[in-house]
Amino acid sequence: MTPQANPQDTRAAHRPGGGTLVASDLDRTLIYSSAALALTMPDEQAPRLLCVEVHEAKPLSYLTEAAGRLLVELADSARFVPATTRTRKQYRRISLPGRQPRYAICANGGHLLVDGHTDHDWNDEMRRRLADGSAPLDEVRAYLAATSDPEWLRKERVAEDLFAYLVVDRERLPAGWVKELAEWAEPRGWTVSLQGRKIYAVPKPLRKSAALAEVVRRTGAEQVLAAGDSLLDVDLLMAAGAGWRPGHGELADTGWLAPHVTALGTVGVAAGEEILRRMLARVAGDEAAA
């Protein structure tokens, strides 16, 4: 089923004197693995790439050099807030160009980093919300274990004791399995998202937009911009005054649209560069270029 924008979602409040806050998903929105680069042009026309993540002594994630320069300029013009489903450990592997963001949203909103340090009060608050609004993680893990098949399951992981995800062989994954999982999870207060080789099961109260609202409260941001590519980014996009999604990913595949979100046709690492260019234009007040 195609996810629909919820008109009742509350946009992040505008507050006087707070400037612009830019919240963006990272993987497959701003940064890209080798498999996700989508370098379809002739080799001699390919953009120069900047490695921004190393894992187990190997380069893992990239953006274009032009995107790196745009990100530095954006961070100097607005409050840039990474908003990722990655765990804190996974996020800290990333070394983006420019100044370290004052705030970073990790674990899909379960953790808020302030100057690189965990805000434990925020994490405690999110865990209270999860206890009140969704089935326990152990129940979801038991279902995943009972219904997944070693033929296509490669790894099963728990992130920060908040949510679970599977790493799968997409070619062997049975058609309809993800949909069945989503239908089982829905009445239990959980959301399912398929991103590349990963299937995420995330409790609904665990939202990037919840942490974003807290950052807006603390900073008094007047304008909020956002970008994302997956079902887990819908609430982030809906909490912004303007947003962008690339021409690839879960939202593009399902045709998700919202009036204030620009659906780009660009795919791969070039989409990350275009998103940053449009964000910077919007911060500068050039809405035609955004």
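With 290 residues, a compact globule would be expected to have a radius of gyration near 19 Å, and the protein chain, at 18 Å, agrees with this; the radius is taken over C-alpha atoms, and the globule rule is 2.2 Å times the number of residues to the power 0.38. This is a predicted model, in which local features need pLDDT of at least 70 and side-chain atom pairs count only at pLDDT 80 or more, while totals for chains, interfaces and linings use all residues. Residues are numbered from 1 along each chain as its sequence is written, and side-chain values use heavy atoms, with hydrogens and water left out.

**Overall fold**
- The C-alpha trace of the protein chain spans about 50 × 50 × 40 Å along its principal axes.
- The protein chain has nine helices and 15 strands, these being DSSP runs (helices H or I, at least four residues; strands E, at least two) numbered from the N terminus.
- Among contacts (heavy atoms within 4.5 Å) between residues at least 6 apart in sequence, 60% join residues at least 24 apart.

**Burial and surface**
- Of the 290 residues, 52% count as buried, meaning under 20% relative accessible area with a 1.4 Å probe, protein chains only.
- The protein chain exposes about 13700 Å², of which carbon and sulfur atoms supply 47%; accessible areas come from the Shrake-Rupley method with a 1.4 Å probe.

**Ser 209**
- Ser 209 lies in helix H6, which comprises residues 208-219, and counts as buried because its relative accessibility is 17%.
- Leaving aside neighbours within four places in sequence, Ser 209 is in contact with Asp 235, Leu 236 and Ala 239.

Methods
Buried means under 20% relative accessible area, exposed over 50%, partly exposed in between (1.4 Å probe, protein chains only).
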